[in-house]
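Hi,

Here is the structure I promised to pass on to you. Please have a look at it first; my notes on what I found follow below.

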Amino acid sequence: MVDHDPEIVRILEVNLSHANLEVISARSGAQALTKANKERPDIILLDAVLPDQESMDICRRLKESPQTSHIPVIIIGSDGKGENGGIGIGRADQYIAKPFDPHEVVKLVEACFRQIERDSNTSPLTGLPNQIQVNTEITRLLERNKTFTAIYIDIDDLKAFNKAYSFDQGDRAIELLADIVREALRLFGNPDDLAGHLGSDNFIIVTSIQKARVLCQRIIADFDSRIRTLYNQRDLERGYIEYEGRLGEIEQYPIMTISAAAITNERRIFYHPLQVSEAATELLDYLRRIPGSNYYLDRREDGIETQLSLYHKGIPHAYREEMRMLQRVLNWVTFHTEELETPISAIHESLEAVGVAPMDDTESQQRHSLDVIRENVERLNEVFREFSYLTSGEWITADAFIEEVNLRTTFDWITRQVQKLVDERGIEVDIKGVDDIGPLIIDGGSLIKGLYYLLRSEINSSAPGDRLQVSVTEMNDPFIIIEVTNPNHHIPHRDLAVLFQGQMDGMVQNRLGNDLYLSKTLVQGLGGKFSIKSDKKEGTTFMIVIPRRWQSSIERVNALLAAAETSRKEARAQLEGLRDLLSSTAAQMPSAVEENLENLGYKIQELVVLCNRSLFFADELSNRLDSEQDRLLQQEVEQLTTLEAMQIFSREIAASAQMGYLFDPESARRVAKNVSLIANEFRLSRSERQALQYAALLKDMGFVSCPEDMMEQAVAPTLEEAINLSKRFNIMWKVLSRLNFLSPALDIIWHRCERYDGTGHPFGVKGANIPLGARILVVADTFDIMTTGRSSQETVAPEIAVQKLVAESGKRFDPDVVNAFLRAWRKKEFQVVPT
């Protein structure tokens, strides 16, 4: 700090010291030059007017001296005038006018320190932040518990390129990748993302989990296209480079590619940047074994990366737009339902005003008319309360129209909703069979509402001590059956007739009947069947038959349209009756009643029109979903055909290495069946089970990619032969890695050789960090290997194989998976090679 005014020096010293900055002061230009050369400060604050020398001369001498030229100079001027902002500013780095705020000076000094740090921690080749600055940023994110993704990028075979083309060309390759990374961040990254150059051919991007995948894909695509400009035509045509090694031999290397490992703390905990770097190094070592440019997004905490549901993935964009249109129509229905509350409330107020008026002069007929009005308004209120309940936000159906529904989750939710009512009534509810049913592809909201109304009705109809029994079974593959039985409840045939004929007058008088009617309507809307059997001796049984996949029928739509029209006519007749009644008491009734009733009629008419439109859109969407379902099934068939072709090719490669027992299609089918049985014990989703099936069909790819495991299983006698066999399958990895539908399966295959205790290969991960699919696959595959005697291993009886699996539980295998295996084994469904 250089200033002749001791008060300014004192003020700035106090504020800068509070910011943990050490301050050296000078009162004149001569002192400033002496202390600057001796103390070598990081920043100099220089007053614009000094008693002994011009600040411009001081600034010039500081900048011309080799010892002080790098030190930033901030001029504190008497005013802010002048082209350069004040005396000496032409050589200065920053300028502050007087009078100044000490806090602003501190902020400017701290900003200069950050710039100094950035300048000193920048790669001279690429201009990107280096390792120090990157570690500082990652440390900051970890300390603040921020979720981030670090993408580590390496250039493969750069050393060979340097030898063949020179180190200058190698630097151009590094600069090219730096430009590609900058451009990708500019186009697809977040504003606060950081790109860094860690040295040599190593780069890093710190971004969000949402941006990681698209950044990897864009960088790989650009690099693979633009790196070819650094090669000569001859090397491009033959696809590799050649150069003479140290011993005079000719060495060949492919065109450069890149590997990208994306590490996120979304599902795992890191405490230091070094841990993030180590996790990336493990992945990069493995990715380099796979030909071509590749990336891997490490989300190992979950096991299998979650797939998009049918609503998001299986349905084209145009159909999703129609779903959103349907939701907007339902929003309009909700709006008009709320609008109906206004006229009904006004009628109530009018009736109350009449009711409190003196009744001495009111004739008995008028009193009877008022009673009828009250009765009809209450009936309308009951209908609209139920309609409001149906369209309320409680069900949260906006984001899940057609979706994958788990019955266990569904019944758990319903049980929680009715638990209070169950306790009040003093009854028991027993639910069986839901764990044996796989996921349904259906309108989850309608299913939950239909079952909820049914259970609520039966609970309300039960006497203390009753036991309500719910059982779920499979009728055949396309349908499931849900039975709700109450042995002590009997419904008269007259009430059943009212229910199935849809006579609203009879049902509105009883809330329970209304619940059953709503349940029946919702189930039928799902393409299901709703039946009731009631007997005085045996009680009442409700049977619901629901398709596994949502279906629609034009007949049902027409029936609903007819029912809507009937309801509209009845509502209109009811309103006309109300008008007639009101006209007989016009002298006593407020004038607003007639207007409110007319508005009510309009709203009901609008409601019917909107409901008709909703039904039309729903049926149109159903037809398109049916077509889309057929397309998805055809796509699944084509994917399985592709997998079978990959199996054949892999088997030929193995046979050429005298290992024809690998990629046995019968073994693959047995393991695929057995992993499915274990997966059922974990109640995995359809997408997770499909990934397991695909992984089982290509299970030996994980085996041949791990030389250490081949040595352990005596598949190859030496490590060198195991590595050579692994290289034979590089072309298969290259093909498989470009099939998007195989991405979840490849994640399982890559972890096939991991051990639960962390001593496996290639990553050395342990416990829950191994994908669940891989933990299931290794148990099923090992069981098949032991019972078939694959390779040189001795064949053992299935019972002995089971004992060996149990003995390795907690070491090689996940104890939970072994327990699931044992449960499936006891059901005697496992496929074993016949003896």
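A good place to start is aspartate 156, which sits opposite threonine 257 of strand 9. Please keep in mind throughout that this is a predicted model.

That pair belongs to a longer run of contacts between strands: strand 4 (residues 149–156) and strand 9 are antiparallel and joined by eight bridges. Strand 9 also pairs with strand 10 (residues 294–298), this time in parallel, through five bridges. There, alanine 262 faces leucine 297 of strand 10. To get from strand 9 to strand 10, the chain passes through helix 10 (residues 273–287), and the resulting β-α-β crossover is left-handed. You may want to look at that part on screen yourself.

How many residues of strand 9 are buried? Eight of the eight, over residues 257–264, so strand 9 is largely enclosed by the rest of the structure. Both of its faces take part: Thr257, Ser259, Ala261 and Ile263 point one way, Ile258, Ala260, Ala262 and Thr264 point the other way, and all are buried.

Now to an earlier part of the chain. Three strands form an open sheet there, in the order 1-2-3 and with parallel pairing. Strand 1 (44–47) and strand 3 (94–97) are the edges; each has a single partner strand, so one side of each is left without a neighbour in the sheet. On average, neighbouring strands of this sheet are turned by 25 degrees against each other, direction ignored. Strand 2 (residues 73–77) runs parallel to strand 3, with four bridges between them, and isoleucine 76 is found opposite isoleucine 96 of strand 3.

Helix 3 (residues 55–64) packs on this sheet, where it touches strand 1 and strand 2, and its direction makes about 155 degrees with that of strand 1. Which residues of helix 3 are buried? They are Ser55, Ile58, Cys59 and Leu62. These residues lie on the same side of helix 3, because they cover an arc of only 95 degrees around the axis. As a general point, an α-helix has 3.6 residues a turn, so residues three or four places apart point the same way. The cover over the buried residues of helix 3 includes helix 2 (29–39), strand 1 and strand 2.

One single residue also caught my eye, valine 422, which is part of helix 14 (residues 407–425). Is valine 422 buried or exposed? Its relative accessibility is 8%, and it therefore counts as buried, the cut-off being under 20%. Apart from neighbours within four places in sequence, valine 422 has contacts with Ile427, Val429 and Ile459. Valine 422 and arginine 456 are 34 residues apart in sequence, while their C-alpha atoms are 9.1 Å apart in space.

Finally, some totals for the chain. It has 835 residues, of which 46% are buried, and it contains 30 helices and 17 strands. Of the contacts between residues at least 6 apart in sequence, 69% join residues at least 24 apart. The chain exposes about 41,500 Å², and 50% of that comes from carbon and sulfur atoms.

Enjoy looking around, and do write back with any questions.

Best wishes

Key. Residues are numbered from 1 along each chain as its sequence is written. This is a predicted model: local features need pLDDT of at least 70, side-chain atom pairs count only at pLDDT 80 or more; totals for chains, interfaces and linings use all residues. Side-chain values use heavy atoms; hydrogens and water are left out. Two strands pair if DSSP finds at least two bridges between them. Helices (H or I, at least four residues) and strands (E, at least two) are DSSP runs, numbered from the N terminus. Axes are lines fitted to C-alpha atoms, for helices over the stretch in contact, and angles run from 0 to 180 degrees between N-to-C directions. Contact means heavy atoms within 4.5 Å. Buried means under 20% relative accessible area, exposed over 50%, partly exposed in between (1.4 Å probe, protein chains only). The arc is that of the directions from the helix axis to the C-beta atoms. Accessible areas come from the Shrake-Rupley method with a 1.4 Å probe; for residues, only the protein chains shown count as cover. A crossover is right-handed if, with the strands pointing away from the viewer, the path from the first strand over the helix to the second runs clockwise.
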